[in-house]
Amino acid sequence: MGVAQGRRVVVARVSLLMGPLVLMFGIAALAGVVGLTAERTEIAFLVGTIPIVVLTIIILCRRWTARMLVVATVVVAFLASTALFTLVPMAVLSARGRPTAAVVASITDVTVRRRSSTWHEWRYQLVDPDGRPIPGRLIATGPYWQIGDQVDVLVDPAARIDPREAGDEAGDIDDWSSVAFIAGPLIALAAGLAVLAAIRSTRAS
């Protein structure tokens, strides 16, 4: 295989690997903005990306080193997607959220089970000062408020993102540069691993 042909093969394989990864990042960011649940986002990941990655491993990677690099790429990409899913809504809500002095109308204690993990969530249904229900729920890890308590929150005017307490730890994610600072290195690492996997698979062919 000549140098020029080898480069074309590497570029093609990098593109094949990065395609599903870019799809993962897009699904994660969009899901966070439109308020898609974590369970539905995971289903989108499985349906939209995992089959492509598995086929890539089987078809392109004939040696275990290349396959392991692909697996590492997917793992890092999943971490980056999780960061996007978590942080993008915070940045969006910080940018366009409307400060509201809400009142707790009802409380639901929910046991969440996902894979091998189990935890409790307290879901607070809120109303605005005029008594109108606020779309979504304020989700917390503890019973911090009682019915009738006032809570200062940021409310999404588009009613797509759950309200968040104003001034909590989510307030640290106050712009898109913060999202880039946290998720950016993971995305860059995933891209670098994809390039290494493509180069390794080419040399092994």
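1. **A salt bridge inside one strand region.** In this predicted model, Glu 121 and Arg 123 form a salt bridge. Their closest N and O atoms are 3.0 Å apart. Glu 121 has a relative accessible area of 15%. The cut-off for buried is under 20%, so Glu 121 counts as buried. Side chains of opposite charge can pair when their charged atoms come close.

2. **A small charged network.** Asp 128 forms a salt bridge with Arg 132. Here the closest N and O atoms lie 3.1 Å apart. The two partners sit in unlike surroundings: Asp 128 is buried, at 13% relative accessibility, while Arg 132 is partly exposed, at 49%. Asp 130 belongs here too. Salt bridges with shared partners join Asp 128, Asp 130 and Arg 132 into one network.

3. **A salt bridge across the chain.** The structure has 4 salt bridges in total. One of them joins the side chains of Asp 156 and Arg 96, at 2.8 Å from N to O. This pair links distant parts of the chain, with the two positions 60 residues apart. Asp 156 is in the loop between strand 4 and strand 5. Arg 96 is in helix 4. How accessible is Asp 156? Its relative accessibility is 4%, so Asp 156 counts as buried. Arg 96 has a relative accessible area of 31%, so Arg 96 is partly exposed.

4. **The largest core.** Now turn to the nonpolar residues. The largest nonpolar core holds 28 residues. Leu 21, Phe 25, Ala 77, Leu 84 and Val 179 have the most contacts inside this core. Three helices each supply at least two of its residues: helix 1 (3-34), helix 4 (64-96) and helix 5 (176-204). Which helix gives the largest share? Helix 4 does, with 12 residues. In soluble globular proteins, nonpolar side chains tend to be buried together.

5. **A second core.** Another core lies apart from the largest one. This other core has 12 residues. Trp 122, Tyr 124, Ile 134 and Ala 140 are among them. Keep Tyr 124 in mind for the points on aromatic rings.

6. **Thr 73 in helix 4.** Thr 73 is found in helix 4. Is Thr 73 buried or exposed? At 2% relative accessibility, Thr 73 counts as buried. Leave out residues up to four places away in sequence, and Thr 73 touches Leu 21, Ala 190, Leu 193 and Ala 194. Leu 21 also appears among the residues with the most contacts inside the largest core.

7. **Two faces of strand 4.** Strand 4 covers residues 150-155. One face is covered and consists of Val 151, Val 153 and Val 155. The other face is uncovered and consists of Gln 150, Asp 152 and Leu 154. Strand 4 runs antiparallel to strand 5 (residues 164-165), and 2 bridges join them. In strand 5, Glu 165 is the bridge partner of Val 153.

8. **First aromatic pair.** The structure holds 2 aromatic pairs. A pair of aromatic rings is described by the distance of the centres and the angle of the planes. For Tyr 124 and Trp 145, the ring centres are 5.1 Å apart and the planes stand at 80°, so this pair is edge-to-face. The pair links distant parts of the chain, 21 residues apart. Tyr 124 is in strand 2 (residues 117-127). Trp 145 is in the loop between strand 3 (138-140) and strand 4. Both are buried: Tyr 124 at 0% relative accessibility, and Trp 145 at 12%.

9. **Second aromatic pair.** Trp 145 also pairs with Tyr 144. Their ring centres are 5.8 Å apart and their planes are at 80°, so this pair too is edge-to-face. Tyr 144 is exposed, with a relative accessible area of 53%. Together, Tyr 124, Tyr 144 and Trp 145 form one aromatic cluster.

10. **The surroundings of Trp 145.** What does Trp 145 contact, leaving aside its neighbours within four places in sequence? The list is Val 104, Ile 107, Tyr 124, Leu 138, Ala 140, Val 151 and Glu 165. Two of these names are familiar from strand 4 and strand 5: Val 151 is on the covered face of strand 4, and Glu 165 is the bridge partner of Val 153. Ala 140 belongs to the core of 12 residues. Trp 145 and Val 103 are 42 residues apart in sequence, yet 9.7 Å apart in space, C-alpha to C-alpha.

How values were computed
Residues numbered from 1 in each chain as written. Predicted model: local features only at pLDDT ≥ 70, side-chain atom pairs only at ≥ 80, totals over all residues. Heavy atoms only, no water. Core = buried A, V, L, I, M, F, W, Y, C linked by side-chain atoms within 4.5 Å. Buried < 20%, exposed > 50% of the residue type's maximum accessible area, 1.4 Å probe, protein only. Helix = DSSP H or I, 4+ residues; strand = E, 2+ residues; numbered from the N terminus. Pairing = 2+ DSSP bridges. Phe/Tyr/Trp six-rings, centres within 6.5 Å; stacked < 30°, edge-to-face > 60°. Contact = heavy atoms within 4.5 Å.
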